[in-house]
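Dear colleague,

I am handing over the structure below, together with some notes on what turned up when I went through it. Please have the sequence and the model open side by side as you read.

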Amino acid sequence: MKGFVIKGNICYSKSSNEICITSNGYAVCENGLCAGVYNKLPENYKNFPIYDYTDQIIIPGFTDLHVHAPQYAFRGLGMDLELISWLDVHAFTEEAKYNNIEYADKAYSIFTEDLLKSATTRACIFATIHAPATILLMEKLEASGIKAFVGKTNMDRNSPAYLCEENAAHTLCNTEKWIIDSGKFKNIKPILTPRFIPACSDELMENLSVLQKKYSLPVQSHLSENLGEIEWVKELCPDTKFYGEAYDKYGMFGNNCKTIMAHCIHSGEEEIALMKKQNVFVAHCPESNTNLSSGIAPVRTYLNLGIKTGLGSDIAAGSTLSIFKAMAMAIQCSKLRWRLIDQSLAPLNFEEAFYIASKGGGEFFGNVGSFEKGYEFDAVVIDDLALKHPQELDVKERLERLIYLAEDRNITAKFVNGKKLF
């Protein structure tokens, strides 16, 4: 039996409205799983080695449910456009560079190094259409110790010729070979990734549906992000009543196909009902939605309905990998929605934001994102003592401060599934 103990101010969620805090307590890891959190260490764990982080903040690792790794190189740039123009001018031109494996090696090394330094322990990642570069990204992430789903992006229409695969049949062969090649990884798994409906022909979606069923893969894509995009989907898919149906008709919208849909800002009642019925995960990306003027997602509605919800950095429409910043912006954007759009939907509080950043998004990976017994032991230790303050703050106040200040620079240790990464 392999185990250890970490000591410090342990904070985690059991539900969306409560943060459990044990001041200078003990979290026990046994065989990669959490064996409990204790004020006093039980006798049967007294021989376990102890990592002593007295008075530091210990939280479950966060899950980034939506991030574009190849866009990391131009984060913080080109924020003056809306979605479709931004893709054409910035995102697509950058992603085309990943046909050059030397460029991909340099760029993905930077991305992986910075992701490792962040409070994120799990991520769902878009790559590009280029299979060799996508395998390279997976290799780098595997070596880092982080756990992730990575998708070779699929697109065959309404995109620059230099970023479209030859045809849907070619996409099928390329994608299946990539799926087989990715079988060598332990921590990094493939996820089918149709970029979004405007970039994917019916034939491509049919082929991906075949692969999904053959390999029982999860799916990630975008949904109802931009009003112009939604109208475009109506034109492209006249046989569907709403955007989500354009995925569902191929069996890639929840149910037996585990699915993440990013954004869901403008989802209507029928779409939301189908998301709930079929257990589709929502990746809420508040900074991206603000930067691209897309709107404010009704996250309160999703939480009230019990729709599975997590947070995404959405690099590079988002500017940072910090899920702390995503939490703060989720709260702030919900306040604006409440004040300006719908006062029947109360804004998020920081307990709820912490929950969706950890346990809410972590559920996509299973029992992840909490220190409850039996959960995979992902932990991040933060030394916030450098944030000088004239008042005495309790642990919950210190955690709240970390969220609103997006202060994750002083991470002193990180564990994934019971393995210490640093």
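**Salt bridges and a buried glutamate**

At 39% relative accessibility, lysine 97 counts as partly exposed, because the buried class ends under 20% and the exposed class begins over 50%. Please keep in mind throughout that this is a predicted model.

The side chain of lysine 97 meets that of glutamate 94 in a salt bridge, with 3.0 Å from N to O. Its partner, glutamate 94, is buried, with a relative accessible area of 6%. This pair belongs to a longer list, since the count of salt bridges comes to 24.

Another of these salt bridges is formed by the side chains of lysine 140 and aspartate 105, at 2.8 Å from N to O. The two residues sit in distant parts of the chain, lysine 140 in helix α3 (residues 131-144) and aspartate 105 in helix α2 (residues 101-117), and they are 35 residues apart. Aspartate 105 is partly exposed, at 33% relative accessibility.

Helix α3 also holds a residue of the next pair, in which glutamate 139 forms a salt bridge with lysine 184, their closest N and O atoms being 3.1 Å apart. Because glutamate 139 lies in helix α3 while lysine 184 lies in the loop between α4 (168-181) and β9 (188-190), the pair ties together parts that are 45 residues apart in sequence. Glutamate 139 is partly exposed, with a relative accessible area of 35%, whereas lysine 184 is exposed, at 55%.

Beyond these pairs, there is also a network of salt bridges that links Asp55, Asp384, Arg398 and Arg401.

I would then turn to glutamate 95, which has its place in helix α1 (residues 83-95). Is glutamate 95 buried or exposed? With a relative accessible area of 1%, glutamate 95 is buried. Two polar contacts of its side chain stand out for a reader new to the model: one joins the side chain of glutamate 95 to that of arginine 195 at 2.7 Å, and another reaches the side chain of glutamine 71 at 3.0 Å.

Once neighbours within four places in sequence are left aside, the residues in contact with glutamate 95 are His68, Pro70, Gln71, Ala127, Thr128, His130, Leu163 and Arg195. For threonine 128, which is 33 residues away from glutamate 95 along the chain, the C-alpha atoms of the two residues are separated by 6.2 Å.

With best wishes

Key:
Residues numbered from 1 in each chain as written. Predicted model: local features only at pLDDT ≥ 70, side-chain atom pairs only at ≥ 80, totals over all residues. Heavy atoms only, no water. Helix = DSSP H or I, 4+ residues; strand = E, 2+ residues; numbered from the N terminus. Buried < 20%, exposed > 50% of the residue type's maximum accessible area, 1.4 Å probe, protein only. Contact = heavy atoms within 4.5 Å. Polar contact = N/O pair within 3.5 Å; in protein donor to acceptor, adjacent residues only side chain to side chain. Salt bridge = Lys/Arg side-chain N within 4 Å of Asp/Glu carboxyl O.
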